[in-house]
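Please open the structure in your viewer and set the display to a cartoon view. The tour below proceeds by selection, one stop after another.

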Amino acid sequence: MKKSLVLLLVGLLTVFVLAACGEKSQSDVVRALEKKMDEMSGYKAKGKMTLQTGSEPQEYEIEIWFKGPEYYRVNLKNSQKEQSQMILRNDEGVFVLTPALNKSFRFQSEWPQNSSQAYLYESLIKDIVNDPEATFSAAENKYVFETKTNYQNNKMLPTQEITFNKKDLSPSSVKVMDTDKNPLVIVEFTKFEFNASFDDNSFDVEKNMSSAQIEVPTMASGNNESFAVKYPLEMPEGFSLVEENEVKTENGKRVILTFEGNEKSFTLIQESAEIAAPASASTSTYVNGQPTDLGFTIGAMSDTTLTWTHDGVDYMLASEDLSEDEMLMVAKSIQGQAAK
């Protein structure tokens with residue numbers, strides 16, 4: 001009897017030890033992720049991105065192509081509003097395409113290496129590796145990390161929760177959170193293909209502009225002449241609107257809003273976006289600044305201005321006084337709220 005009991009206990013102990021040995025540690029998973037990143041030639045991914053930063057959630061379809069070492073194609077589409085925007089990186093530089101306006105802008109930029117990117121696999125792994133305080137947990141089919149973000153211009157989103165599938169280490173979801181751990185940006189991956197193949201012109205500006213315009217046709221000229229003016233929902237403390245002027249333009253109107261507070265000021269300009277002529281589709285406009293992901297669109301940030309286009313309207317936020325954090329806060333609060 002005693003012998004049987006001892007054998008049973010030894011057997012159970014052996015099972016527990018083997019089970020414990022089979023569960024990977026945080027360092028094991030990190031090494032496996034680094035190996036996966038180093039060995040892959042590229043990938044194709046699809047998913048959904050949800051922004052919780054406005055008065056109601058906004059959903060975007062995202063499609064990501066990466067061909068090592070540094071070719072990128074990120075397509076961001078709001079199907080409800082029939083809008084899309086694409087960011088490309090190839091040997092010629094970084095381009096932001098707006099098919100509905102028949103426009104492309106060119107940047108000399110280190111994107112995407114200069115900041116966290118919630119939808120890029122290698123960016124997520126780098127954030128995990130670079131955070132010595134990252135936390136880790138393992139669920140039935142998932143590995144979950146919580147890390148610091150590397151948004152140099154946005155301290156409002158300091159942490160992110162990154163979930164990988166155990167089976168192949170593909171990303172499952174990313175939640176970018178505010179200081180109270182509320183998820184404000186959520187990326188859910190629905191498809192992920194490692195070592196995908198690409199055509200020779202998969203990252204060509206003209207080809208991508210043409211194919212994007214099949215899905216999202218170019219807007220009709222003058223389509224948005226009577227746009228509704230939008231006002232910031234968030235501003236640095238003490239700021240208020242002190243002046244509003246409207247000017248007639250060839251495309252409709254231009255509205256200039258001036259805000260002041262604490263001996264500082266900023267100006268917000270809104271006007272109907274101009275539709276580029278078909279012949280200019282192959283010509284990219286050089287932009288002095290860095291491509292800046294606002295969530296709902298890609299803008300351009302310089303030392304004193306932040307510009308972007310959305311819903312057929314051009315926006316420019318200009319200030320000699322606001323920090324980059326403050327400019328981003330103001331810009332993001334304009335989108336997703338009702339116009340006055």
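Two strands are said to pair if DSSP finds at least two bridges between them. Please keep in mind throughout that this is a predicted model.

**First stop: strand β1 and its two partners**

Select β1, residues 42-51. This strand is mostly covered, with seven of its ten residues buried. Next, add β11, residues 183-194. Nine bridges connect β1 to β11, and the two run antiparallel. To find one of these positions, select Y43, whose bridge partner in β11 is F194. Now show β2, residues 58-67. Ten bridges link β1 with β2, again in the antiparallel sense. Here M49 may be selected, and Y60 of β2 will be found opposite M49.

**Second stop: the whole sheet**

Widen the selection to the sheet to which these strands belong. In which order do the twelve strands stand? The order is β7-β8-β9-β10-β11-β1-β2-β3-β4-β5-β6-β15; the sheet is open and its pairing is mixed. At the edges are β7 (135-138) and β15 (285-286). Each of these has a single partner strand, so one side of each is left without a neighbour in the sheet.

Within this sheet, select β5, residues 93-98, together with β6. The two run antiparallel and are joined by five bridges. F95 has R106 of β6 opposite. While viewing side chains, recall that in a regular strand they alternate between the two faces of the sheet.

**Third stop: helices on the sheet**

Select helix α2, residues 26-39, which packs on the sheet. This helix touches β7, β8, β9 and β11, and its direction makes about 90° with that of β8. Then select α3, residues 121-129. Among the strands that α3 lies across are β1, β2 and β3, and the helix runs at about 115° to β9.

**Fourth stop: S115**

Move to the loop between β6 (103-107) and α3, where S115 is located. Is S115 buried or exposed? Its relative accessible area is 18%; because buried means under 20%, S115 counts as buried. Display the side chain of S115 and the backbone of N150: the backbone oxygen of N150 lies 3.4 Å from a polar atom of that side chain.

**Fifth stop: strands β12, β13 and β14**

Select β13, residues 252-261. Seven of its ten residues are buried, so β13 is largely enclosed by the rest of the structure. Add β12, residues 240-249, which runs antiparallel to β13 and is joined to it by nine bridges. A hairpin of two residues leads from β12 to β13, and T249 has G252 as its bridge partner in β13.

On adding β14 (264-272), one finds eight bridges to β13, also antiparallel. I256 stands opposite I269 of β14. Between β13 and β14 there is a hairpin with two residues in the turn, where N262 has a positive phi of about 50°.

**Last stop: helix α5**

Finally, select α5, residues 324-334. How many of the eleven residues of this helix are buried? Eight are, so α5 is largely enclosed by the rest of the structure. The buried residues include M327, L328, V330 and I334. Show β14, β16 (290-293), β17 (298-301), β18 (305-310) and β19 (313-318) as well, since the buried residues of α5 pack against these strands.

Key: Residues numbered from 1 in each chain as written. Predicted model: local features only at pLDDT ≥ 70, side-chain atom pairs only at ≥ 80, totals over all residues. Heavy atoms only, no water. Helix = DSSP H or I, 4+ residues; strand = E, 2+ residues; numbered from the N terminus. Buried < 20%, exposed > 50% of the residue type's maximum accessible area, 1.4 Å probe, protein only. Polar contact = N/O pair within 3.5 Å; in protein donor to acceptor, adjacent residues only side chain to side chain. Contact = heavy atoms within 4.5 Å. Axes fitted to C-alpha atoms, helices over the stretch in contact; angles between N-to-C directions.
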